Amino acid sequence: MVSNADNQRPSLGDRMKQYEAQFESKLPPSSPVVLRLDGHNFSRFTAQPYFRRPFDTHIHNAMISTCSDLILNYFPRASVAYTQSDEITLVFPEGVQLFNERLQKLNSLAASYCTVRFNAHLAAWFPDVKDVKLLGTAHFDARFFAVPSVEEALNCILWRCRGDAVRNGISAFARTLFSQSQMQGKTSAELVEMMRCEKNVIYEEAVPKWAIEGCLVKREFYEHEGVNPQTGQAVVTTRTQTRVEERGIREFSSENLQLVTDRYWNTTGSSDVELVPVIADTSPVAKANATFLGPNVYVFDSSMPAADIQAQVTSIFKQMEANEFGTERYALLFEPGTYNLLFDVGFYTQVAGLGQHPDEVRIEGGVNVPAYWMPNRNATCNFWRAFENFSINASAATNNTTTIAVSQAAPLRRMHIRSPGGLWLFQVDPATGNGGWASGGFMADSVVDSQVLPGSQQQWLSRNNSYGSWANAVWNMVFVGDNTAPSGDAFPDSAYTTVDCTPVIREKPYLYISNQGKYHVFKPALETDKKGPSWAEDVSTPGKTIPIDQFYVAQPSTANAATINSALDSGKHILFTPGIYKLDDTLRVSQPNTIVLGLGLPSLVPTTGRPALSVADVHGVTLAGLIIDASETSSPSLIEVGPPKSSCDHSTNPTFLYDLTVRTAGRTTNKVGITINSNNVVGDQLWLWRADHGDGAAWDQNCTENGIVVNGDNVTMYGLFNEHHQGYQTLWNGNGGRVYFYQSEIPYDPPNQASWMSRDKGRLVNGYASYKVADTVTSHEAWGLGVYSYFRDSPTKLENAIEVPETGGVKLHHLTTVWLSGVSGSEISHVANGKGGRVYANTPPEAMRQTLKEL
């Protein structure tokens with residue numbers, strides 16, 4: 001019996017098609033696409049006696065022929081095939097444009113076609129073999145996936161080549177020479193060196209060239225001579241074939257990008273052949289992030305339309321304005337020239353000129369940091385951005401004023417602020433007319449033609465700058481080596497601390513482009529007792545030029561601890577491009593004078609309980625422009641400079657640490673941020689931060705003991721920002737230390753007093769001093785120290801903000817404590833060593849701020 005319901009049901013065929021369609025998905029049309037084909041269980045397949053391990057020529061030739069079939073006969077929109085071992089990667093810069101982009105259909109056909117063609121080509125090499133285990137049994141899986149840009153398609157090949165092909169090839173060959181126990185824990189570079197030293201084998205000479213890093217297969221045009229059958233005349237026609245190059249892709253460059261955008265090796269052809277060089281975007285600004293520096297570095301030149309540049313930088317700001325804990329990173333680099341632009345800079349964005357002199361790159365209009373995203377123009381969370389090596393002339397659109405409303409980890413270096421309205425270090429809240437809060441910044445080696453107006457900016461370090469005038473101070477403004485610094489004699493009424501000369505400095509290295517269009521890194525010279533900037537209108541910074549080919553350019557999609565350590569061991573410097581680098585081993589800097597430089601605030605994350613970076617006790621190392629993030633696995637120290645008990649004298653060539661953030665964010669943990677064991681180390685703008693806000697930031701969830709521990713002698717710090725750790729923020733054990741500007745908020749979140757107690761000479765003491773110089777130290781000096789409290793969660797007390805030995809060789813100048821806010825009953829009881837009054841409320845003024853002029 002058939003019911004009415006049965007009559008209304010779809011037919012059997014329609015139902016089955018609906019079931020099929022329910023799980024059908026499609027690739028986005030015209031989006032760049034990658035196809036990866038991977039041999040299934042090839043290790044067992046290649047174990048047969050017909051093949052030679054670790055590299056078999058017959059299998060390789062069959063893979064090459066299969067690549068040719070795929071791009072010549074089956075996938076006309078593919079631009080390049082890359083093959084290594086049993087893998088094939090194809091790139092479709094404008095999409096597959098077959099079978100209505102149906103993913104199941106494409107995957108099944110690609111896997112089956114690759115399987116059939118590979119077996120056919122392999123069988124041709126063994127015409128007399130009838131073994132069914134050999135012929136027809138090799139098979140492949142396939143996966144198509146879309147990528148957001150052709151740059152990411154190139155990065156996919158980089159990943160397969162640098163990430164797997166090179167490493168796997170070395171390992172496979174090493175297994176023919178060494179046991180597994182001998183190879184255990186060795187990097188690729190170490191295995192290659194073992195071959196040379198222990199077996200007298202040069203890897204690159206012992207294996208086929210195609211086995212080192214794989215092969216690229218592309219179409220090419222060629223001329224074919226023939227005879228016209230109708231006329232009998234000789235004719236030359238243009239045809240298409242494939243050509244193989246025995247190499248992979250090891251770096252991101254415009255030339256390599258062309259490999260994935262163009263469908264042919266050459267552009268030679270005749271009128272009867274359609275030449276289709278596939279390019280994702282032909283606008284000049286679209287090529288700005290198509291350099292060897294990767295897709296998150298935009299290199300602009302003044303020939304690009306200003307409107308296009310403006311649109312690009314505005315788009316990035318909109319993405320990054322409130323992106324406080326995001327994973328995106330950008331560097332906006334400007335070649336020498338003048339640019340009519342007005343734009344703002346958000347989180348994790350570096351803006352830098354590529355000239356050798358700041359005035360070679362001039363922004364007419366403005367570059368600013370606003371605080372729109374926080375209430376009342378509050379800039380206390382405007383972290384992690386950087387300005388470097390260019391000049392700004394603000395337009396009337398911003399009242400001819402440059403506004404940099406920032407707090408920690410937002411340095412200005414080698415800047416020329418030409419703006420007639422000067423430089424403002426805060427932003428006015430239009431609703432109230434008051435200045436929004438801003439809490440700590442840094443400027444060095446810069447010139448401001450007019451006035452610097454801190455306004456509501458609470459503290460700042462100005463080092464080796466010149467400016468028309470400095471307008472005011474709030475709590476702690478420190479000037480070191482400035483040409484036009486205000487007097488510090490009236491402290492604490494005027495919260496200025498002034499040091500005439502900078503005792504030892506080498507300005508931070510920077511990337512630039514030569515007149516010949518070549519990239520270099522400039523390393524400024526070491527200077528002592530320095531006053532004013534390293535450059536002037538007609539004076540360039542002294543130092544030396546290092547060609548970019550002496551750097552390993554790390555990309556987050558391809559670089560790992562092994563490849564970076566291999567480069568370091570070979571004597572290369574490291575240039576990190578923007579991104580997140582998760583490290584399963586410590587990056588070990590063992591060569592003197594090595595530069596490790598970050599572009600676009602890259603993050604290094606150690607994942608196995610080891611330091612992210614360690615530096616041997618050698619001369620002249622540079623670590624600059626990096627964020628070091630703790631992970632869920634605790635490290636004893638995130639950066640270690642020198643091994644324990646380091647003893648070398650590096651006074652003639654110190655190690656420098658510039659613009660480093662060491663961060664213990666929510667649900668991560670470590671013991672110490674930076675441990676300095678070497679002597680004569682110089683820090684220039686360091687922020688050691690245990691997160692006080694954000695997801696997972698809590699007393700028992702992001703635990704860390706100290707921000708910095710200094711064991712070396714004669715260590716100097718310019719701009720030490722150190723906050724919220726659960727023990728001493730700063731623990732200084734070495735002699736001869738010098739600190740110029742210290743800013744520290746003690747932890748907000750002790751749940752009670754009992755959870756935050758230290759021990760001094762056998763007795764329990766409320767809290768841990770922020771700045772602790774060990775009792776064994778006999779010489780130490782510091783200028784401009786500020787310690788601030790906000791006990792948010794309990795009425796906690798801190799006995800002393802600062803504790804130092806009371807001996808003639810230990811001197812502190814201009815000390816400040818401030819009660820920002822907190823639970824009633826919380827306080828900092830003394831400024832230092834039992835001296836100075838307590839801070840415990842916002843009113844009266846003396847309850848909020850206490851000072852000591854000298855200790």
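Select proline 844 to begin: this residue is placed in the loop between β51 and α14 (845-848). Helices (H or I, at least four residues) and strands (E, at least two) are DSSP runs, numbered from the N terminus. The bond that joins threonine 843 to proline 844 is a cis peptide bond, with omega about -5°.

The structure is a predicted model, in which local features need pLDDT of at least 70 and side-chain atom pairs count only at pLDDT 80 or more, while totals for chains, interfaces and linings use all residues. Residues are numbered from 1 along each chain as its sequence is written, and side-chain values use heavy atoms, with hydrogens and water left out.

**The nine-stranded sheet**

Select next β51, residues 827-832, which is an edge strand. The sheet to which β51 belongs is open and has nine strands, in the order β32-β35-β37-β39-β41-β43-β47-β49-β51, with parallel pairing. Two strands pair if DSSP finds at least two bridges between them. The other edge strand is β32 (587-589); β32 and β51 each pair on one side only. From one strand to the next, the twist averages 25°; axes are lines fitted to C-alpha atoms, for helices over the stretch in contact, and angles run from 0 to 180 degrees between N-to-C directions.

Within this sheet, select β39 (residues 670-676) and β41 (residues 706-710), which are joined in the parallel sense by four bridges. Threonine 675 has valine 709 in β41 as its bridge partner.

**Strand β44 and its partners**

Move to β44, residues 737-745, where eight of the nine residues are buried. Buried means under 20% relative accessible area, exposed over 50%, and partly exposed in between (1.4 Å probe, protein chains only). Adding β42 (residues 716-723) to the selection shows a parallel pairing with β44 over five bridges; here phenylalanine 721 stands opposite glutamine 743. Adding β48 (residues 780-791) shows another parallel pairing with β44, over eight bridges. In that pairing, tyrosine 742 is opposite leucine 785.

**Strand β1**

Now select β1, residues 33-39. Seven of its seven residues are buried, so β1 is largely enclosed by the rest of the structure. Val33, Leu35, Leu37 and Gly39 point one way, and Val34, Arg36 and Asp38 point the other way. Strand β3 (residues 87-92) pairs with β1 in the antiparallel sense over six bridges, and arginine 36 has threonine 89 as its bridge partner there. Strand β4 (residues 140-146) is likewise antiparallel to β1, with seven bridges; leucine 35 faces phenylalanine 144 in β4.

From β3, proceed to the loop that leads to α5, and select glutamate 101. Glutamate 101 has a positive phi of about 60° although it is not a glycine. The residue is buried, with a relative accessible area of 9%.

**Two helix pairs**

Two packed helices are described by the angle between their axes and the distance between the axes. Select α4 (residues 57-74) and α5 (residues 103-125): they pack at an angle of about 135°, with axes 8 Å apart. The two helices are therefore oblique to each other; angles under 35 degrees count as roughly parallel, over 145 as roughly antiparallel, 65 to 115 as roughly perpendicular and the rest as oblique. Residues in contact (heavy atoms within 4.5 Å) include His58, Met63 and Tyr74 of α4 and Tyr113, Phe118 and Trp125 of α5. By class, this contact has eleven nonpolar, six polar and two charged residues. Ala, Val, Leu, Ile, Met, Phe, Trp, Tyr, Cys and Pro count as nonpolar, Asp, Glu, Lys and Arg as charged, and the others, Gly among them, as polar.

For the second pair, select α6 (residues 150-174) and α11 (residues 254-261), which pack at about 100° with axes 9 Å apart. They are therefore roughly perpendicular to each other. Val150, Glu151, Leu154 and Ile157 of α6 meet Asn256, Leu257, Val260 and Thr261 of α11. This contact comprises five nonpolar, two polar and one charged residues.

**Final stops**

Select the open sheet of three strands, β25-β26-β28, which has antiparallel pairing. Its edge strands are β25 (510-513) and β28 (543-547). Strand β26 (residues 519-524) is joined to β25 by four bridges, and tyrosine 512 stands opposite histidine 520.

End at proline 492, in the loop between β22 (476-480) and β23 (496-499). The peptide bond from phenylalanine 491 to proline 492 is cis, with omega near 10°.
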